[in-house]
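Colleague: Let us go through this model in questions and answers. Please show it before we begin.

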Amino acid sequence: DQFFSPLENIRGEGRLLTPAAKEFNKMAKAFEEENRYKLKVSDSYRSLERQVEMKRKQLSGQGNPASVPGTSKHGWGLAVDLGTFDGNNSKFESSIFEWLTNNAYKYNFYHPEWAAKKGSAPEAHHWEYDGNHGLTKNK
């Protein structure tokens with residue numbers, strides 16, 4: 001697809017909207033250079049059909065939480081799910097989550113408030129792209 005590009009320098013596979021993929025690829029390279037291992041991508045762009053199937057599974061009690069089809073940032077190619085288990089700690093307490101918290105904004109990725117530890121749907125693994133976010137982050 002002409003609008004999406006593959007994610008590079010990762011464990012796993014995926015693709016995002018091209019501007020998001022370019023920034024993510026820079027971030028993944030920086031992560032590996034600093035940590036000596038690659039980020040693990042468990043999910044990125046999802047087709048509408050896949051989102052419908054995920055929502056159907058959730059509603060039948062057989063799947064994980066999923067956004068209403070058409071509203072997911074995954075469906076827009078603007079979200080990525082990353083492994084946040086580092087062997088010693090998992091999720092919000094991991095060194096991976098800490099690195100992302102301290103560095104993702106430099107690549108215009110952020111962890112949305114709803115996904116925060118005390119958010120409405122805590123998900124340490126979910127990160128979103130916003131081309132303007134790095135310009136407004138207070139660091």
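Colleague: Which residue in β5 does Val41 stand opposite?

Modeller: This is a predicted model, in which local features need pLDDT of at least 70, side-chain atom pairs count only at pLDDT 80 or more, and totals for chains, interfaces and linings use all residues. Residues are numbered from 1 along each chain as its sequence is written, and side-chain values use heavy atoms, without hydrogens and water. Strands are DSSP runs of E of at least two residues, helices runs of H or I of at least four, numbered from the N terminus. β4 and β5 run antiparallel, joined by two bridges; Asp43 has Asp81 as its bridge partner in β5. Opposite Val41 in β5 stands Leu82.

Colleague: Are the two faces of β5 covered or open?

Modeller: In a regular strand, side chains alternate between the two faces of the sheet. Ala79 and Asp81 lie on one side of β5, Val80 and Leu82 on the other. These four are buried (under 20% relative accessible area, 1.4 Å probe, protein chains only), so both faces are covered.

Colleague: Which residue in β7 is the bridge partner of Val80?

Modeller: β5 and β7 are antiparallel and share three bridges. The partner of Val80 in β7 is Trp127.

Colleague: Which strands stand at the edges of the sheet?

Modeller: The open sheet has five strands in the order β2-β4-β5-β7-β6, with mixed pairing; two strands pair if DSSP finds at least two bridges between them. Each edge strand has a single partner, so one side of it is left without a neighbour in the sheet. The edge strands are β2 (10–11) and β6 (109–110).

Technical notes: Buried < 20%, exposed > 50% of the residue type's maximum accessible area, 1.4 Å probe, protein only.
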